[in-house]
Amino acid sequence: MIRRRLLLLLATTVALLTAAGVALAFWTTSGTGAGSAMTGTLAPPTNVTAVATPGSGTVPVSWSASSQATGYYVLRIRNSDSSSTAACGTSAAQPTTAISCDDLAVADGIYHYVVIAVRGSWTATSASSNDVTVNNTRPAVTVNQAAGQTDPTKTAPINFTAVFTTPVTDFTSADVTLTAGTATVTGSGTTYNIAVSGLTSSGSVTASIAANTVHDAAGAGNTASTSTDNTVTYDVTPPTAPAPGATATTVFGTNPLYVNNEPVILTDAATDAHSAVASVTYYYCPGSTGTCTTGTSIGTSTTAAGNFAFNTNAPLVGTDGPYRVVAVATDTAGNTSAPSAATPISVDTTPPTVTRPTVNGHS
Ligand SMILES: [Ca+2]
Ligand SMILES: [Ca+2]
């Protein structure tokens with residue numbers, strides 16, 4: 001009797017489902033004596049939505065719950081060939097109870113998604129989601145000191161060039177990371193100039209662009225900038241020059257130094273902060289007193305290894321007498337030192353005269 005009732009119930013259920021045109025359903029029975037039964041429909045999930053993340057292979061997928069489902073799994077379908085792939089780490093064997101998931105590491109392409117509701121052995125497949133275009137490519141960017149930008153420099157602004165691999169639409173001065181100063185960005189498309197001004201002291205200036213600060217037309221954020229040389233030294237600090245040294249084949253005394261009719265080698269231990277001493281120029285002033293700033297140029301040395309040695313290759317000056325020699329140093333940024341303290345030199349090319357000795361009043 002019970003068995004006949006169950007068979008009847010099953011037949012009735014199938015007939016009802018067939019008549020309603022629903023292919024997917026579930027049924028349960030309760031008890032064995034009373035023979036009561038319950039039927040219901042496993043509705044498919046609705047509102048399946050997929051969202052592109054520009055520059056990323058991550059696709060968030062969401063859907064509205066199906067009232068009788070115990071879980072869901074998600075399929076990603078490639079539009080170009082309708083190939084279907086398990087998505088979000090879900091499958092018929094490993095359904096999720098959530099109503100959203102992130103589909104990760106999706107290759108470039110156009111896709112749509114379906115979500116399958118599961119209850120026991122029954123399934124109900126959603127309608128397709130919207131199409132979603134996945135593009136993993138992000139704009140890359142290089143930042144380097146601009147062509148023609150001197151380094152070190154004493155002149156602002158300091159210019160850098162930013163070049164993106166694809167045109168970007170929202171690159172502004174605020175997107176530049178600087179170690180000093182203020183950026184002004186000009187340009188469009190792929191190529192921009194970054195002018196750095198507002199520098200208040202000597203030091204190095206480095207420009208870069210952090211990841212995801214600038215976007216292409218599709219909304220993909222940039223990768224962090226890379227550089228061959230994105231640092232320029234700003235040097236407005238002049239070098240310092242001590243009193244020059246002087247040597248000659250034959251010298252007498254130190255203050256002043258007496259030199260004969262011969263070349264004199266001048267040296268100077270000039271130093272510089274922020275860049276380096278590029279050259280030292282020597283000047284002389286006649287006399288032993290009074291100020292001596294630049295005077296008359298003797299010559300310039302660029303030989304740092306020899307303490308900027310300069311060989312006069314001839315008598316220091318043409319006229320015997322006391323002189324002062326000063327050094328003025330220039331750094332590689334073009335800053336010029338104050339004149340050094342003076343080194344007194346006395347040029348004496350006149351041999352001593354000897355009076356013939358007299359002997360008994362006769363010479
Ligand atoms: Ca540089
Ligand atoms: Ca300097």
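Buried, as used here, means under 20% relative accessible area, exposed means over 50%, and partly exposed lies in between, with a 1.4 Å probe and protein chains only. By that rule Arg76, at 13% relative accessibility, counts as buried, and we will meet this residue again below.

Some ground rules for reading on: this is a predicted model, in which local features need pLDDT of at least 70 and side-chain atom pairs count only at pLDDT 80 or more, while totals for chains, interfaces and linings use all residues. Residues are numbered from 1 along each chain as its sequence is written, chains are lettered from A and ligands numbered from 1 in the order in which they are written, and side-chain values use heavy atoms, with hydrogens and water left out.

## The chain as a whole

The protein chain has one helix and 26 strands; helices (H or I, at least four residues) and strands (E, at least two) are DSSP runs, numbered from the N terminus. Of its 363 residues, 35% count as buried. The accessible surface of the chain comes to about 18,800 Å², and carbon and sulfur atoms account for 56% of that; such areas come from the Shrake-Rupley method with a 1.4 Å probe, and for residues only the protein chains shown count as cover. Contact means heavy atoms within 4.5 Å. Among contacts between residues at least 6 apart in sequence, 64% join residues at least 24 apart.

## Two calcium sites

Let us turn to the ions. Donors are N, O and S atoms within 2.8 Å of the metal (3.2 Å for Na, K and Ca), and water is not among the atoms, so sites may look incomplete.

The calcium ion (ligand 1) is coordinated at 2.2 to 2.5 Å by Gln145 (OE1), Asp151 (OD), Asp229 (OD), Asp229 (OD) and Thr231 (O). The sequence spacing of these donor residues is Q-x5-D-x77-D-x1-T. Asp151 sits in the loop between β11 (141-145) and β12 (158-164) and Thr231 in strand β17, so this pair ties together parts that are 80 residues apart in sequence.

The calcium ion (ligand 2) has as protein donors Asp235 (OD), Asp235 (OD), Thr237 (O), Asp272 (OD), Asp272 (OD), Ala273 (O) and Asp331 (OD), at 2.2 to 2.6 Å. Here the spacing reads D-x1-T-x34-D-A-x57-D. Ala273 belongs to the loop between β21 (263-267) and β22 (277-286), and Asp331 to strand β25 (residues 321-331), so the pair links parts that are 58 residues apart in sequence.

The accessibility of these four donor residues is set out below.

| Residue | Relative accessible area | Class |
|---|---|---|
| Asp151 | 34% | partly exposed |
| Thr231 | 26% | partly exposed |
| Ala273 | 34% | partly exposed |
| Asp331 | 2% | buried |

## A sheet that includes β17

Strand β17 also takes part in an open sheet of three strands, in the order β13-β16-β17 and with antiparallel pairing. Its edge strands are β13 (176-178) and β17 (231-234), each pairing on one side only. Two strands pair if DSSP finds at least two bridges between them. β13 and strand β16 (residues 203-209) pair in the antiparallel sense over three bridges, and Thr177 has Ser208 as its bridge partner in β16.

## Salt bridges and strand β7

The structure holds two salt bridges, a salt bridge being a side-chain nitrogen of Lys or Arg within 4 Å of a carboxyl oxygen of Asp or Glu. One joins Asp103 to Arg76, with the closest N and O atoms 2.6 Å apart. Asp103 lies in strand β7 (residues 100-103) and Arg76 in strand β5 (residues 71-78), so the pair ties together parts that are 27 residues apart in sequence. Asp103 is buried, at 2% relative accessible area.

The other salt bridge is formed by Arg78 and Asp81, whose closest N and O atoms are 2.7 Å apart. Arg78 is partly exposed at 34%, and Asp81 is partly exposed at 41%.

Back in β7, the side chains alternate: Cys101 and Asp103 point to one face and are buried, whereas Ser100 and Asp102 point to the other and are not. β7 pairs with strand β4 (residues 59-64) in the antiparallel sense over four bridges, and Ser100 is the bridge partner of Ser62.

## A buried loop residue

Finally, Ser126 lies in the loop between β9 (122-125) and β10 (132-134). Ser126 is buried, with a relative accessible area of 7%. Leaving aside neighbours within four places in sequence, Ser126 is in contact with Pro44, Pro45, Val48, Val114 and Val115.
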